[in-house]
Each structure stands twice: as C-alpha cells, then as structure tokens.
Amino acid sequence: MRIYFLLLLLLPSLCWSNPPVWSRTGHRVVGEVAQEHLSRKARKAVARLLGGETLAEVSNFADDIKSDTTYRGYSPWHYVNFPLDKAYTEVDPSPYGDVVTGIRKCTEVLKDPDASRDQQVFYLKMLVHLVGDMHQPLHVGRAEDRGGNDIQLQYFDRGTNLHRLWDSNLIDDYGMSYTELAQSLPRWSKAQIKAAQQGDVLDWVEEIQEVTRGVYGSVNTGEKIYYAYRYTWWDTLEEQLLLGGVRLAAVLNEIYG
Ligand code: ADE
Ligand code: ZN
Ligand code: ZN
C-alpha cells in the first residue's frame, strides 16, 4: 500500500517533461562560439548592453520568457515551417512572424539609433537565441508535423519525438557542459569561418533545409534508436552549433561595424 502511495506522490515528477526547446546547452554553445568571433567593436557594444553577462549567459532568455503571457506574441519567432521543396520567398509568410522575420526585426532595432536601451537589450537577447534556434534543423521544418514534434520515436527505450531528439536528447545525453562542448567542437580555419559567414539569413535557411531533409529521412515513425543514431548524426549537430555561433558573430559584427 505504502509503495502505491509513494508512486502516486512521484507521478507528477515522472510525467514532468521539459518543453521542446533547442537544448539550453546548445544555445549556450552557440553564444560561446559567437563570443569568440566578435570584432572588438561588437564585443564592446555587447558588453555595454549586457552589463557583463556573456552571449552564452543570455542565450536562453527567449525561452525563459515563453511562459509569461506578455511575450506570447514572440513564440512563433523561434522557428519557420514551410515545404522543404520550396524556397522561403515562394510561400506566404506567417502573419504571426517566424524566425526569419524575427531575426530581421532584432537586427533592425539594434541598428536603430533611436531605439531605447531596454529595447536594444531585449532584441539583442532575442537575436542570440533566434540565430541558435534557426540552426536546429527542425526549426526550419514542415508544418504538417510541426517540425518533427508529431513524429514519435523511442530513444533508449523512452518515448520522445524527432524534434525533441534534436532539441535536447542528443545533446543532453552527451553529458557535457556548454564550455566543454564548445571546447570540443572542431576548429575551423579562418577560410572555413569566412565561408560559413557568407550570405544572408535566407541563404542560411536554404542551406539548413538541406540538413532538415536529411534529418527527416533519418528515421521512421515509431523507430527505436540507440547510440548509433547519435554517432551517425553528431558531426552534423556539431556543425550546426558552429554555424550558429559564427553566423551570430557575423550578424553582430555587421550591426556594430
Ligand atoms: N511548433 C510548431 N512548429 C515548430 C517548429 N518547427 N519548431 C519548434 N516549435 C514548433
Ligand atoms: Zn525546438
Ligand atoms: Zn527557442
């Protein structure tokens, strides 16, 4: 009897699951990589606005405010869903905004000399997060399965879905802190970094779609996956974190001259 009572007490915590967001560690890695690639001017501007906090430290702000209804309107900014065989410009944009329009809005405010300090701080924190989110392949996803959220899977015999697998399971099970993970990423040459920073947000979306197609093709609904999946896809995941980081730096370096 006692054991059932105990189980009953434990039930809420057993059922508790985090909302599907690109791992907090993943966002911090993107922030950390970006911080290392800032120009002097950008580093100063960022430090002035964040008052000593680093890009890694503010990288989860946009998820932290999600439960505050005041900020409901920003929820669709974390991703963009449209057919993977179409270009972003070929489909009607969502009237609620998406990660592309979100990044554009942040850039616009940060370039506006009349924007208040509070606005600048807010949109800088949003920008750090959104450039990271965009590089989670399933945040450039298909609407019909909500970026893989409706594709159920078993990961190490526990229920998950394709979106959550890429948001958090793969990174979190790896068990590294964000500094360890940032340190362990491959070192890119100057030329590689420059190549990654070429283009604009729409070019990046198009490139990410290619990765997204691969990720959708990587599993069948209901499939049971184990170590081999992470082993196969880890390089891709690391590359997305690096790309997110160096591109965030590129955007900030452009904004702050
Ligand atoms: N909700 C609906 N589509 C989504 C996506 N692609 N990423 C995150 N959350 C979503
Ligand atoms: Zn997500
Ligand atoms: Zn997010």
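This passage describes two zinc sites and a bound ligand in a predicted model.

The zinc ion (ligand 2) is held by three residues. His139 and His163 each contribute NE2, and Asp167 contributes two OD atoms. The coordination distances run from 2.0 to 2.6 Å. Angles between the 4 donor atoms span 54 to 148 degrees. A tetrahedral assignment would need all angles between 85 and 135 degrees. The arrangement around the zinc ion (ligand 2) is therefore irregular.

Along the chain, the donor residues of this ion follow the pattern H-x23-H-x3-D. The H-x3-D portion has a helical setting: His163 and Asp167 both belong to helix H8 (residues 162-174). They sit 4 residues apart, about one turn of the helix. Both side chains belong to buried residues, the cut-off being under 20% relative accessible area. His163 counts as buried because its relative accessibility is 5%. Asp167, at 0%, is buried as well.

The zinc ion (ligand 3) has its own set of donors. His78 binds through ND1, His129 through NE2 and Asp133 through OD. These contacts fall at 2.0 to 2.2 Å. The sequence spacing of the donors is H-x50-H-x3-D. His78 is placed in the loop between helix H5 (61-64) and strand E1 (80-81), whereas His129 is in helix H7 (residues 117-134). The pair therefore ties together parts that are 51 residues apart in sequence. His78 is buried, with a relative accessible area of 2%. His129 is likewise buried, with a value of 0%. The zinc ion (ligand 3) lies 6.0 Å from the zinc ion (ligand 2).

Ligand 1 is surrounded by Tyr79, Asn81, Leu138, His139, Arg146, Gly147, Asn149 and His163. The protein covers 86% of the 260 Å² of accessible area that this ligand has on its own. By class, the shell comprises 2 nonpolar, 5 polar and 1 charged residues. Two polar contacts to nitrogen can be described. A side-chain N or O atom of Asn81 is 2.8 Å from a nitrogen atom of ligand 1. At Leu138 the contact comes from the backbone, where an N or O atom lies 3.0 Å from a nitrogen atom of the ligand.

The ligand shell and the first zinc site share residues. His139 and His163 are listed around ligand 1, and both also coordinate the zinc ion (ligand 2).

Definitions and conventions: Residues numbered from 1 in each chain as written. Chains lettered and ligands numbered in written order. Predicted model: local features only at pLDDT ≥ 70, side-chain atom pairs only at ≥ 80, totals over all residues. Heavy atoms only, no water. Donors = N, O, S within 2.8 Å, 3.2 Å for Na, K, Ca; no water. Tetrahedral: all angles 85-135°; square planar, octahedral: opposite > 155°, others 65-115°. Helix = DSSP H or I, 4+ residues; strand = E, 2+ residues; numbered from the N terminus. Buried < 20%, exposed > 50% of the residue type's maximum accessible area, 1.4 Å probe, protein only. Near = heavy atom within 4 Å. Polar contact = N/O pair within 3.5 Å; in protein donor to acceptor, adjacent residues only side chain to side chain. Areas by Shrake-Rupley, 256 points an atom, 1.4 Å probe, with all protein chains shown as cover. Nonpolar A, V, L, I, M, F, W, Y, C, P; charged D, E, K, R; others polar.
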